[in-house]
Amino acid sequence: MSASVLTLSTRAAYQTLLDAVALQPENADQPAIHYLALEADPITVTRAEFQHNARAYAAALTAVGIAPRDLVVIAHTQNLECIYAFWGALLIGAIPSMFPTLTEKLDPDIYMRGMAELVALSGVRVVLTTDEFAPELSARVTCPVYGSTALLAAPSGTLTAYTPNAAEIAFLQHSSGTTGLQKGVALSHDAVLNQLASYSDAIALTSADVIVSWLPLYHDMGLIAGFLMPLIQGVPLVLMSPFEWARSPAMLMRAIHDYRGTLTWLPNFAYNHCARRIRQRDTEGLDLASMRLFINCSEPVYAESHALFAERFAANGVVPDMLAVSYAMAENVFAVTQTPLNAQPALDVIDRIALESDLHAVPVPTYHAHAVTKVSCGAPIAGTQVRALDAHGAELPERQIGELVVSSDCMLTEYYRRPDLDPFVDGWYRTGDRGYIAGGEIYVIGRSKDLIINAGKNVYPQDIEAIVNGVAGVHPGRVVAFGVPDAREGTELIAVIAETDVTETDARKALSAAIRAAVAASSTVTLSYVELVDAKWLIKTSSGKIARGANREKWLTARGAS
């Protein structure tokens, strides 16, 4: 096959993921991955070394009895071993799926129950994990569990070349949750290649690009944009641990400077985290002008976050045109939309009252008393269509808020071994996201299941959380808002839980008052409950997101109201 970048014009040259440029014999000395760590020297893996190590894992998996179409779960820390294991499984025709390992941020009992449920429901053939975690996990699941040392110590197996069918399942992405991650999004080789061809066109990817990422590989943004795309395209990948990035966010900026990075993907909170947590002295002398795009993805996007980021790093060469947005989901492999090239995301200033009460995005001037700004996620990429539907499934006109549905040539095949879950309605995937279309571009408001109906207003918890995250004394990104039905009031009351290091009683009262005042000043709602909790109180999903439902139940149980 040709080693040219996969785009719509070269799509026919790629049949399966095993046609990845990083697996080809040409330019074997070119870097495939630069792996960075805080307290160790960078590791550069050439394409030849990547191929050698992937084949070593393929042989080891064969030696322990893994066969084509077996499901291999990789519950590893984010390191080179999990990368080699994933590609080793692909080489022998097994079905790999990245999964988080147990960390201090996850409840161990919930994690173990979830893993046991996954193994049972999905027929997992083997779990690969760290040497340290393997014995503990082995006691809780019914399939074999191997640490890296034990797996690679197995007698070498015979590596038989496997030629996949383009329509068969290549790998699974598992949806995140807190009570079991049983929804395996099954993606075919065709679907993944179609996505990468269209998305590479949308961002004008070339062999001169350098992708920099700290994103976890068990999340669609990290797995596709920050892992599979660069290796399939032969674009150098600069990778670091999400935990180390969280401790030292300046790692990202240093990596961009050192390797002349051009593309990175970030959830919205990371823009605030970088702007507020990276010290000035840690960016002195760093040049970020090589960047083409910082792409905001996976969370509702806020214009304030982009403005804060652009202002903070302007002296390092960041300009507003570098800031883009993508709406993405695992069921579509990754991207559904993308900001047009050479343009800043469109900002739609609309009437908050009409949005909340009439489900209508009515344009108003920026000085309007109830003006609120929504950020466009861009237009659908090639091969993908998006509609907004009302509660009866009828298509809505532009600027009417409804459920977003997607149809594409890169959609999931099924939820793996879950015939009870049909992801399609009349050929369209129902996302569960609410939003609207204006000028052909998509605006995402929030999740349908999280919607709060307060005194006739449609309130999205993400908007409340964004306000509270900006209050001094609150841990940014450690806030949850949800509705609490109240029979006496006949509506849902709004509760906020926020983590803080503030311990003194009067200071906590002042912080609670500041949170209430901030929400009242920036929205049309009033908080009925504000609960301040200590660090690590909030429950997160395996992908690191705050779990609204689980935290609501935990809070209600503590109040004796569940």
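This report describes the nonpolar cores, aromatic pairs, helix packing and unusual backbone angles of a predicted model.

## Nonpolar cores

The largest nonpolar core comprises 127 residues. Within this core, the residues with the most contacts are Phe-50, Ile-83, Trp-87, Trp-265 and Phe-334. Helix H2 (residues 80-91) supplies the largest share of the core, namely ten residues. Separate from this is a second core of 23 residues, whose members include Val-124, Val-127, Val-141 and Tyr-416. In soluble globular proteins, nonpolar side chains tend to be buried together.

The surroundings of Trp-265 can be listed in detail. When neighbours within four places in sequence are set aside, Trp-265 is in contact with Tyr-199, Ile-203, Ile-211, Leu-215, Met-221, Ala-225, Met-229, Ile-295 and Phe-334. One of these partners, Phe-334, is itself listed with Trp-265 among the residues that have the most contacts inside the largest core.

## Aromatic pairs

A pair of aromatic rings is described by the distance of the centres and the angle of the planes. The structure contains 18 aromatic pairs. In one of them, the ring centres of Phe-86 and Trp-87 are 6.5 Å apart and the planes stand at 65 degrees, so the arrangement is edge-to-face. Both Phe-86 and Trp-87 are buried. Ring pairs also join Phe-86 and Trp-87 with Phe-50, Phe-171 and Phe-227 in a cluster.

The rings of Tyr-529 and Trp-555 form another edge-to-face pair, because their planes are at 65 degrees, with centres 5.2 Å apart. This pair links distant parts of the chain: Tyr-529 belongs to strand E28 (residues 529-533) and Trp-555 to helix H15 (residues 548-558), with their positions 26 residues apart in the numbering. Trp-555 has a relative accessible area of 3% and is therefore buried. A ring and a charge also come together at Trp-537, where the charged end of Lys-554 sits over the ring, 4.2 Å from its centre.

## Helix packing

Two packed helices are described by the angle between their axes and the distance between the axes. Helix H6 (residues 189-202) packs with helix H7 (residues 220-233) at an angle of about 90 degrees, and the axes are 11 Å apart. H6 is therefore roughly perpendicular to H7. On the H6 side, Leu-193, Leu-196, Tyr-199 and Ser-200 take part in the meeting of the two helices. Their counterparts in H7 are Ile-224, Met-229, Ile-232 and Gln-233. Tyr-199 and Met-229 are also among the contacts of Trp-265.

Helix H10 (residues 268-277) is mostly covered, with seven of its ten residues buried. The buried residues are Asn-268, Ala-270, Tyr-271, Asn-272, His-273, Cys-274 and Ala-275. These residues pack against three helices and three strands by name: helix H8 (242-247), helix H9 (250-259), helix H11 (303-312), strand E11 (263-266), strand E12 (293-296) and strand E13 (323-325).

## Positive phi angles

Most residues other than glycine have a negative phi, and most peptide bonds are trans. Asn-27, which is not a glycine, has a positive phi of about 50 degrees. Asn-27 is placed in the segment before strand E1 (31-37). Its relative accessibility is 46%, so Asn-27 counts as partly exposed.

Leu-359 likewise has a positive phi, near 55 degrees. Leu-359 lies in the loop between helix H12 (352-358) and strand E16 (371-375). With a relative accessibility of 23%, Leu-359 counts as partly exposed, because the cut-off for a buried residue is under 20%.

Key:
Residues are numbered from 1 along each chain as its sequence is written. This is a predicted model: local features need pLDDT of at least 70, side-chain atom pairs count only at pLDDT 80 or more; totals for chains, interfaces and linings use all residues. Side-chain values use heavy atoms; hydrogens and water are left out. Buried means under 20% relative accessible area, exposed over 50%, partly exposed in between (1.4 Å probe, protein chains only). Helices (H or I, at least four residues) and strands (E, at least two) are DSSP runs, numbered from the N terminus. Contact means heavy atoms within 4.5 Å. A nonpolar core is a set of buried Ala, Val, Leu, Ile, Met, Phe, Trp, Tyr and Cys residues joined through side-chain atoms within 4.5 Å. Rings of Phe, Tyr and Trp (its six-membered ring) pair if their centres lie within 6.5 Å; planes under 30 degrees apart count as stacked, over 60 as edge-to-face and the rest as tilted. A charge sits over a ring if NZ of Lys or CZ of Arg is within 6 Å of the ring centre and within 35 degrees of the ring normal. Axes are lines fitted to C-alpha atoms, for helices over the stretch in contact, and angles run from 0 to 180 degrees between N-to-C directions. Angles under 35 degrees count as roughly parallel, over 145 as roughly antiparallel, 65 to 115 as roughly perpendicular and the rest as oblique.
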